Amino acid sequence: MFLKKCSRTPGDVESLRRGSAADTSENSVDPEQHHWLPRRRCQNERVQHPELGAVETPSPEASVHHHCHYTPKCFLTVHKGGQGTTRSTPSRYGEEAWHEDTTRTTIRAENEVEAHREANNYKFGFRKWKGHVTEKPIEDRSDIIKELYSDLSVVKPQEGSVITFGNVIYVILFGWWISLIYFLICSVMFLTIIGAAYGKLCFRLALYFIWPFGKSIEKAGEVVRRSIAKPPKCEVIPEESDSSGNKDSAPLLMSSPFPVEIPVPEPAAGKTSNHWCRVSTYVWLLLGYPVLAVVHSLACVLSWLLVFTIPVAKMNARTMTIVLLMAPEDVQVHKLEKTAVCETRVILCCYRAFNVYCYKYSVQGINIIPLNLLPLVFITIIIGYTDCKHTFCSAETKFITAIISIIPLSYYIGMGIASISAQSNFAVGAVVNATFGSITEMTFYITALLQGHNAKTKCYEEIVKAALTGTLLGCILFVPGICMIIGGIKHREQRFNSRSAGVSSALLFISVGGVFAPTLFSKTFGDLVCESCTNVPGNSSVPFICRDCHYDTSTADPQLILSHIEPLVYTISVLLPAAYLIGLIFTLKTHSHIYDIHINDGHGGQDAQEGTSTTGDVTLGHLLAANTCINGSIVSNSHIATGHHVVHWSRTRALGVLIVATVLMACCADLSTENIKPILAHSSISLYFISVTVLAMVPELPEIVNGILFALQNNISLSLEVGSCIAVQVCMIQIPLLILFNAFYDVGFVLVFSDIHLWASIFSVILVNYIFMDGKCDYFQGTALVVVYLILLALYFFAPSPRSC
C-alpha cells in the first residue's frame, strides 16, 4: 500500500477539502474559487490523542490525496454571477467585465457518464434531467437509501418505539384481515389432523402479522450475528513505505464502531430438510398455501401501489416465497430485545411499515411512481380501443386516464433522451433532443388537429392554440415561480447567471414576436365582424349594440389569407427555427463561455507521483470537441476504486424505450382528443381553462419536478432553464412543425390567436424578463410569478368558450 506524496499548497487543500465535503449531496455548491499555485512539499503534523498520546498524523493534503485515490469522482464546475471574486483561469474573453464577477459552482458526478449528463443539463436546447442514468453502488449511498433497498433480513439495534402512526395505519389497512385469514387457514389445517403442524405455523403467523414490528422470523439453527462493538482504544496501523524510500507514513485511526462477524457452525451436509417428502406438505400446498399466496399477493400489490408502504410489500413477498415454503418446525417467531447489540441475519424483520422516503425508490433506474403508473397506460389503451360504445367506462373517465397516462410516458421519454445523450457525443445528443424532445406535445397537437379535420370543426384547432399558449405561460411563469418559492424557502437567496438568462429572455422575445405576428397582421388588415347587433329603429339616441365581435380576414378580402397571411406564416416558420439554430451555435460554440461550465476531476493527486500537476478543468467548448470530462488516468483509477459504472439503460435499450413510448403516447393522445367531445358539449367550465391547464401542463409534470429538485439543491439556474427551454421550443420548434404538417396535410391550422392568448403571452414575457435582470431571486419574486399565473388562469376560467365550440 503506497501513500502519495503531497504536492499541493494549503489553498489547494482547502479547495479539495471543500470538494470532498460536497460528498453529502449529489450537487453541492462551492461559493469560492481557488487558484492552482506551484507545488511544495507538505509536512506532517503531530496531534495528541486522549488515549494514545502524541501520534503522527498525515497532513490535510495527504488525507485528501488518500481519499481521492480510493474514491475518485468527476466534478462539474459552473461559474455563476457573484461579487468580489475573480476567475481561476485566464480567459480570452477578458475584455468582458462581467467575467470578473463570477464564482465557481462545483457539481459532483460519480463517473464519466454522469458527468456528461450534468454537462448536458447546461447545454441550451438539451432536456434537463435530474435523475441518475447509472447505478450508484449501494455502499456509497446514505443510510436512508440503504434502508429503502433493504431486504428486511437484518435485525439491527432498535432505535425508538415501534408504535408509530405508519404502523397503526398498517394494522387498519392490512394487518387485521391478513391475520384473520391466517386464523381461518389454521382451523382448516387442524381439521385435516395430518396438517396440524401447519396449523400451528398459521397460528404463530397470525399473531405475527397483526403486529409484525419488533419481531423476527428465523430459521432454526441458521442465525448469523454481527457484533457491533467498540475497541477499547484507537488502533494505529502504520503504512508501508513507498518504493522511493521515503519515510512518510499515514496511520489510520480506528475510533468508530466496526462490525465483527461471529461465525456460526454450518449444518452438516447430510442434514437436510425432508418436509417435501411428507404427506402434510402436499395437504398444505393444496389447501393452505394457495389461499395465503393470493392474500399476500394482493397485499403486496396494494402496498406497492401506495408507494410509501413498500416495506409491507417486501414483507409479504418474502413471506410468500420463503416462509410459507419452509418446514413448519423450522419457522421460529421471536420478539426482539431493545438492548440487542448484534446485527442478526434472519428471514424476516420489519420495524416500520411506512417510509416517507419511498418516493425515491427506483427499479432499474425507473422511479417507483412512473413505474406504478405504467399498468394504467396499457389498461387505458386496451379499454379505450375495445370499449368503443362506452359500456364499461364513460368518455370522461377515458379522457382522464388517457391524460394521466401521458405523465409516465413523458418520464420514460425524458429518461431515454438523457440516457442516450449521456452515452453519446454532442451531435447524437443534439439530434435525439431535437427529435424526441417535443414528441409528447407534438403527438397530442397533431392528433387533435386530425380529429378536428375529420369532424369538420374549428374547435380542436382552438384547443391546440390554447394548449400552446398554456404551455408557454406555464413554463415562463409557473415553473420558474414555483421553483423560486420552494428553493427560496430552503435557501434565503439564490443566484443565477444573468447573462445566460438574458439569452433565454431574448429568444423568448423573438419567439413571441414571431408567433403572434400573424395575429397582429390580421387585426390590422382584417374586418371587425360581429355575431349580433341590435338597434331601436327610429331612435338615434339608443346606442348601436353588437356582441361577439372579432377580427375576420376571410370576409375582408378572399385573397388576403392566400396572398398575405399564408406567406407570412411560412416565412415565420422558417425564421424561428433559424433563430433557434443561431442560439444553439451562440451558446454551445462561439460563446459557450457565458455559461462558464468546467469539468473538473476534483483530484490532482492521481498524477502527483509522476511529478505533474493536473487541474482537470475543461471548458464546455472544449468538452464538445473532446467529448470527455476527465482524463484517461482518472477514468481507469475510478474503475479500480469504485468498480465499473453500470448504465441503467444502454443506448439500444433507451432508443427502444423511446420508440415504444412514442407509439403509446400517440395512442393516449388519440384517446384523449377522441373522448374530449362530451366535455366540450356538457362541461360548464371554459374550454380555454381546460386546455391551458390540463392539456398544457400535465405532460410537463416531469419537467416541473426536475426543476423543483434543482432548486432544492440551490441550482436555480437549471430550474429557470427548464421552463425557458420548453417555452422556446414551443415557439421555435413545435409551432413551425405544426405549420409544416399543415402544409403537407391541410387540417385548416391558421396561426392566428385570440386576443386573450396574445396579451397574456406578451405580458408574461415582459414580466419574466424583468425578474431575470438582476441575476438573483428569492421566494417573493417566485410568489409574484405564481400569482400572475393564477390571475391569468382566473381570466381563462371565466372566459367564454370559443365560438367554434
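Biologist: Hi! What is pLDDT, before we start?
Modeller: Hello! pLDDT is the predictor's confidence in each residue, from 0 to 100. This is a predicted model, and its protein chain averages a pLDDT of 74, with 68% of the residues scoring at least 70.

Biologist: Thanks. Where does the pLDDT stay under 50?
Modeller: Residues 1-103 stay under 50, although the model has 261 contacts for them beyond four places in sequence. Residues 226-271 are also below 50, and that stretch has 74 contacts beyond near neighbours in sequence.

Biologist: On to the sheet with strand 7. What is the strand order there?
Modeller: The order is 12-7-14, in an open sheet of three strands with antiparallel pairing. Strand 12 (331-335) and strand 14 (348-349) are the edges, each pairing on one side only.

Biologist: And how many bridges join strand 7 to strand 14?
Modeller: Two bridges join them, strand 7 being residues 215-219. I217 stands opposite L348 of strand 14.

Biologist: Which helix lies across those strands?
Modeller: Helix 6 (residues 196-210) lies across strand 7, strand 12 and strand 14, and runs at about 150° to strand 7.

Biologist: Switching to cysteines: how many disulfides does a search of the whole structure find?
Modeller: Zero. For C349, the nearest cysteine sulfur is that of C350, 7.4 Å away.

Biologist: Is C349 buried or exposed?
Modeller: C349 counts as buried because its relative accessibility is 3%, and the cut-off for buried is under 20%.

Biologist: Last one: how far does helix 14 reach from its first C-alpha to its last?
Modeller: Helix 14 (residues 498-515) reaches 25 Å, close to the 26 Å expected for its 18 residues. Its buried residues include A501, L507, L508 and V512.

Conventions
Residues are numbered from 1 along each chain as its sequence is written. This is a predicted model: local features need pLDDT of at least 70, side-chain atom pairs count only at pLDDT 80 or more; totals for chains, interfaces and linings use all residues. Side-chain values use heavy atoms; hydrogens and water are left out. Contact means heavy atoms within 4.5 Å. Helices (H or I, at least four residues) and strands (E, at least two) are DSSP runs, numbered from the N terminus. The expected span of a helix is 1.5 Å times one less than its number of residues. Buried means under 20% relative accessible area, exposed over 50%, partly exposed in between (1.4 Å probe, protein chains only). A disulfide is a pair of cysteine sulfur atoms within 2.5 Å. Two strands pair if DSSP finds at least two bridges between them. Axes are lines fitted to C-alpha atoms, for helices over the stretch in contact, and angles run from 0 to 180 degrees between N-to-C directions.
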